[in-house]
Amino acid sequence: MKKPTVWQQKWDWTMTRILPRVLPWSPSARISRRSAEGEPRTLGRHDTTALIELLDRDPVANIFTRSQMSLHRSAVPDGFSHIIGLDGDDGLESACWVGANLAPTAMPAEDAKRYAAHALESRQRFASVFGPAETVLAMHDVLQGGQLEIFDVRDNQPLMAITECPASIRRNQLRPAQVQEFDLVLPASAAMFEEELGYSPLENGGSFYRNRVRQLIRDGHTLIDCDQRGNIIFKADLGTVTDKAVQIQGVWVNPKYRGQGLAAGYMAATVEYAKQFAPIVSLYVNDYNTAAIKTYQRIGFEQVGTFATILF
């Protein structure tokens, strides 16, 4: 396992710079590592094994927090983020990554509301909440009364997974982007982000976003195909990677090439590339993006759950 880079160690803290609305925060000094019985507590290093076992029950839904566990090798991340959990009679029952984003594991609605109340009490700031829909929407019921303004709720995002593409699907040519192609990849990545969220990630300089794009390229996790003029036709990122699952993110087709039936072949090639890292390839998509969903289904993706996202 590669040693975490300085950039990776600061990942969660600097994530807040993506959203100009959200300011960096530090966990309140009032948060104790030992909370009252029945309330979320901040996990310690001794919880690492139990947390891994909990997350590995659903490696697709829990991929984000599991990837952070692989990075930090502990239930105590470096930097300003932390993980909270609830205990039951048989030990750790649920957990939630708390940093620039909240990423809860699947949990009953009442437990989700406890986590949300804990987040409000700590007065921390975060950019989004994402995860299993039932959990996230239960948290929304509490978070909407907090100090952070919610500007969008995406309550139905099919979580899809695949282990093998049909042989009948033609694979389009695709390759990892090279470090020297950063200036080519950045505009495509920013265009995808702006189409998805409605504003540019390069506002106010976008230093974090630029570093994120560079790191994906360096890791061999950004795939592209270009036309004869050197313009990107298609781009996709392996945004989150563990040894059990990979999550595809940042899928973008150049508007000049849309409507030509190219996406299926490119996505099939992306899946084939991703499988060298893990046996399961996943993604989640907004329910209103019917064209994308049909493409994913065509190459063999199946819905395995439903995510929801709250954006602040």
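**Exercise 1. Start with one tyrosine and follow its ring.**
Work out whether Tyr209 is buried or exposed, then decide how the rings of Phe193 and Tyr209 are arranged and which helices they bring together.

*Solution.*
Step 1: Tyr209 has a relative accessible area of 8% in this predicted model. Buried means under 20%, so Tyr209 is buried.
Step 2: do the same for its partner. Phe193 comes out at 10% relative accessibility, so this residue counts as buried too.
Step 3: now the aromatic pairs, of which the structure holds 9. In the pair made by Phe193 and Tyr209, the ring centres are 5.4 Å apart and the planes make an angle of 70°. Planes over 60 degrees apart count as edge-to-face, and that is the label this pair gets.
Step 4: place the two residues. Phe193 belongs to helix α7 (residues 182-197) and Tyr209 to helix α8 (residues 207-218), so the pair ties together parts that are 16 residues apart in sequence.

**Exercise 2. Try a second pair.**
Find out whether the Tyr284 and Phe307 rings are stacked, edge-to-face or tilted, and which strands they sit in.

*Solution.*
Step 1: the centres of the Tyr284 and Phe307 rings lie 4.9 Å apart, with 50° between the planes, so call this pair tilted.
Step 2: Tyr284 is in strand β11 and Phe307 in strand β12 (residues 302-311), 23 residues apart, so here the pair links distant parts of the chain.
Step 3: check the surroundings. Phe307 is buried at 4% relative accessibility, while Tyr284 is partly exposed at 28%.
While you're on rings, pick out two more spots: Phe64, Trp97 and Phe130 make up one aromatic cluster, and Arg214 holds its charged end over the ring of Phe182, 4.0 Å from the ring centre.

**Exercise 3. Take the largest nonpolar core apart.**
Say which residues touch the most other members of the largest nonpolar core, and where its residues come from.

*Solution.*
Step 1: this core has 30 residues, and the ones touching the most other members are Ile248, Met267, Val271, Tyr296, Ile299 and Phe301.
Step 2: go through the elements. At least two core residues come from each of β6 (152-162), β9 (232-241), β10 (245-253), α9 (263-274), β11 (280-284) and α10 (290-298). The largest share, 8 residues, belongs to α9.
Step 3: zoom in on Phe301. Leaving aside residues up to four places away in sequence, Phe301 touches Met160, Ala161, Ile162, Ile248, Met267, Val271, Val281, Ser282, Leu283 and Tyr296.
Step 4: don't stop there, as a second, separate core has 21 residues, among them Ala116, Val136, Ala138 and Met139.

**Exercise 4. Read the two sides of α10.**
Decide which residues of α10 are buried, and what they pack against.

*Solution.*
Step 1: Ala292, Ile293, Thr295 and Tyr296 are the buried residues of α10. Look down the helix axis and they fall within an arc of 160°, so they line one face of α10.
Step 2: flip to the other side of α10, where Ala291, Lys294 and Arg298 are exposed.
Step 3: the partners of the buried residues are β6, β10, α9 and β11.
Step 4: look just past the end of α10, where Gly300 has a positive phi of about 115°.

**Exercise 5. Sort out the neighbours of β11.**
Work out in which sense β11 pairs with β6, and in which sense with β10.

*Solution.*
Step 1: β6 and β11 run antiparallel, paired over 4 bridges. In one of the bridges, Leu159 partners Tyr284 of β11.
Step 2: β10 and β11 are parallel, with 3 bridges. Here Ala245 has Ile280 of β11 as its bridge partner.

**Exercise 6. Repeat the face analysis on α3.**
Find which residues of helix α3 (residues 48-55) are buried, and what covers them.

*Solution.*
Step 1: the buried residues in α3 are Thr48, Leu51, Leu54 and Leu55. Down the axis they fall within an arc of 125°, so they line one face of α3.
Step 2: Thr49 and Glu53 are exposed on the other side of α3.
Step 3: the cover over the buried residues includes α4 (63-72), β2 (82-88) and β3 (91-98).

**Exercise 7. Finish in a loop.**
Where is Arg125 found, and how many residues separate Arg125 from Leu148 in sequence?

*Solution.*
Step 1: Arg125 sits in the loop between α5 (109-122) and β5 (128-132). At 32% relative accessibility, this arginine is partly exposed.
Step 2: Arg125 and Leu148 are 23 residues apart in sequence, with 7.3 Å between their C-alpha atoms.

Definitions and conventions
Residues are numbered from 1 along each chain as its sequence is written. This is a predicted model: local features need pLDDT of at least 70, side-chain atom pairs count only at pLDDT 80 or more; totals for chains, interfaces and linings use all residues. Side-chain values use heavy atoms; hydrogens and water are left out. A nonpolar core is a set of buried Ala, Val, Leu, Ile, Met, Phe, Trp, Tyr and Cys residues joined through side-chain atoms within 4.5 Å. Buried means under 20% relative accessible area, exposed over 50%, partly exposed in between (1.4 Å probe, protein chains only). Contact means heavy atoms within 4.5 Å. Rings of Phe, Tyr and Trp (its six-membered ring) pair if their centres lie within 6.5 Å; planes under 30 degrees apart count as stacked, over 60 as edge-to-face and the rest as tilted. A charge sits over a ring if NZ of Lys or CZ of Arg is within 6 Å of the ring centre and within 35 degrees of the ring normal. The arc is that of the directions from the helix axis to the C-beta atoms. Two strands pair if DSSP finds at least two bridges between them.
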